[in-house]
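Student: I would like a close look at one part of this protein, namely its main nonpolar core. Could you take me through that part carefully and then set it in the context of the whole chain?

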Amino acid sequence: MASATPQESRALTGRALVIGALGSALLTASSLFIALKMGALPWPIVFAALASIVALRALGSHNLHEANVCHAAMSAGAMVAGGLAFTIPGLWMLGPSYQVTLPQVLLASLSGTLLGLCASAALQAHFIRERRLAYPIGVSAAETLKAADDAKAGDAPVLFGAMGLSALYALVRDNLGVLPAVIGTGSVIPGVTLGIYNSPMMAAMGFMVGVAPALVWFLGALVGNIGIAGILPALGLIAQEDASAIQSSLGLGLMLGVGAGAIVSGLLPLIKRRMASGASAAEKISDAEAARRLFVPRSMVALAMVVVATALCVGLNLGLGASVVVIVGAWFSVYLSAWLTGTTGVNPMEIFGVLVLLLVRLCFAQMSMESLFLGAAVVAVACGIVGDVMNDLKAGDVLRTNPRDQFIGMAVGGLVGAVVAALMLMALLTAYGAESFGPQQSFVAAQASVVATMAGGIPHLEVFVAGLAAGLVMALAKLPVMTLGLGVYLPFHMSACAGAGALIRIIFDARRKHDDPKRRAALEAKWQAAGSGLLGGESLVGVISAFIAVAMMLAG
């Protein structure tokens with residue numbers, strides 16, 4: 001392959017930013033609609049990667065790094081839309097008397113985006129360069145870009161073949177009604193679907209994130225759905241109608257406790273090293289390593305937090321104390337969000353919004369419901385954009401794209417998405433009315449319904465505290481339990497599918513154990529390419545379906 005000219009080697013270009021911003025507006029609009037209409041939000045990263053390659057090729061560019069910056073900008077706004085869609089409509093479900101204005105929603109969206117961008121820049125070195133978390137969606141995007149750049153090379157046929165099969169499978173399952181969404185829907189436990197989610201994407205997720213995280217995830221599903229929802233009521237230890245509330249309270253407590261323990265256990269060695277070598281001692285890294293890390297001046301982070309605090313305090317009527325609680329809670333939440341996205345590919349942004357909402361309500365009992373939901377939206381948006389940005393930065397790390405160029409692209413796309421998401425959400429409210437949001441309504445907004453339910457308080461506080469303590473102890477003991485609470489909280493069929501992917505991984509590793517290292521590495525690369533294709537194909541169909549749904553809505 002011929003060497004690139006200086007112009008071709010540039011990653012950050014004006015056309016990449018313009019295409020990325022336009023793509024962000026489109027993906028944000030479609031993501032908001034699908035999140036409200038279908039109660040789910042597929043990662044748009046692989047779709048954005050392919051769209052960036054196609055758009056730049058049409059303009060004569062074959063620069064892989066430019067495409068990487070463009071796709072990062074294009075995908076950034078989608079999770080901003082998710083953060084709003086998963087929280088704000090819950091306020092309207094509580095009753096028509098609760099109202100928020102467009103400026104307030106826009107301010108919450110922009111505040112969450114700014115907070116999430118700052119957090120992503122601060123966490124990139126820790127999670128991607130030091131801990132080297134899997135970030136399977138980001139790896140899938142990187143593999144897609146590489147394969148599209150040279151479609152005849154390496155494992156490109158495997159990736160695109162798997163992507164096509166996954167897309168076709170999802171299309172048939174979701175639109176033709178030929179295939180069931182869940183295999184084995186029969187259930188002997190009320191409220192629990194004892195089956196496996198019929199999703200190549202979720203199975204590939206379990207394969208790619210690693211055996212231990214996926215199996216712990218499935219163990220949590222057994223505890224929550226079989227133990228709490230099934231065995232305990234059968235033994236008469238709890239009432240059946242309380243099982244779901246106990247399950248969600250335990251899941252939330254475990255996620256929060258494990259996250260707190262992980263942060264503490266990660267900080268303790270750092271503090272010890274600093275105390276031993278002196279507070280002013282800096283980590284020695286090579287120039288090559290420094291070029292692959294994002295460094296954020298503390299003064300810039302502090303200034304951004306002052307801006308966010310002012311917006312929360314003045315614009316959203318949270319008050320100074322509550323604004324501080326939201327910001328501190330948001331930083332804690334984005335850390336967990338980045339970790340969960342990196343280890344499982346799942347980002348429960350609305351759950352983090354709920355946790356901070358409950359914390360603010362506990363500390364400030366007189367806070368209005370509107371302010372509580374706006375604060376939750378800030379946290380959910382921040383967590384959403386952290387998940388997307390960290391996946392994009394992982395793709396950049398795989399491809400060795402300059403992370404600073406990527407980050408500028410993501411900042412442009414994220415801010416565009418923040419504006420578009422707020423405008424579209426309030427436009428839908430104006431067009432359809434608050435009564436159109438909720439279970440059995442035009443816009444189901446399932447996650448926002450959960451937030452509305454939890455706004456009244458944690459159903460079983462004692463179970464939540466027990467989960468919090470147990471998670472803290474297990475994390476401090478360095479047990480691999482980061483995904484345990486997620487399994488307790490999520491529906492059984494989703495966790496079972498990820499567990500099936502882990503089982504495939506176990507079989508693969510056992511059969512390849514005696515192969516020579518070169519053959520094992522080659523097969524590993526092919527399986528990883530296949531997994532990336534399965535991830536990308538199903539998410540691609542989800543995004544395209546959202547585009548079609550938005551077009552049909554506008555035409556109607």
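Tutor: A nonpolar core here is a set of buried Ala, Val, Leu, Ile, Met, Phe, Trp, Tyr and Cys residues that are joined through side-chain atoms within 4.5 Å, where buried stands for under 20% relative accessible area. Please keep in mind that the model is predicted. The largest nonpolar core holds 150 residues, and those that touch the most other members are Leu36, Leu84, Trp92, Phe127 and Met390. Helix H16, which spans residues 369-399, gives the most to this core, contributing 19 residues. If we set aside its neighbours within four places in sequence, Met390 is in contact with Ser120, Leu123, Gln124, Phe127, Ile128, Tyr135 and Ala338. Another core lies apart from the largest one and consists of 5 residues, including Phe207, Met208, Phe508 and Leu523.

Turning to the context, the chain contains 22 helices and 2 strands, and 56% of its 556 residues are buried. Among contacts between residues at least 6 apart in sequence, 82% join residues at least 24 apart. The chain exposes about 22,400 Å², of which carbon and sulfur atoms supply 68%.

One helix may serve as a further example: H3, made up of the 14 residues 45-58, reaches 20 Å from its first C-alpha to its last, close to the 20 Å expected at 1.5 Å a residue. Its buried residues are Ile45, Val46, Phe47, Ala48, Ala49, Leu50, Ser52, Ile53 and Leu56, and H3 is followed by Gly60, which has a positive phi, near 90°.

Conventions: Residues are numbered from 1 along each chain as its sequence is written. This is a predicted model: local features need pLDDT of at least 70, side-chain atom pairs count only at pLDDT 80 or more; totals for chains, interfaces and linings use all residues. Side-chain values use heavy atoms; hydrogens and water are left out. Helices (H or I, at least four residues) and strands (E, at least two) are DSSP runs, numbered from the N terminus. The expected span of a helix is 1.5 Å times one less than its number of residues. Buried means under 20% relative accessible area, exposed over 50%, partly exposed in between (1.4 Å probe, protein chains only). Contact means heavy atoms within 4.5 Å. Accessible areas come from the Shrake-Rupley method with a 1.4 Å probe; for residues, only the protein chains shown count as cover.
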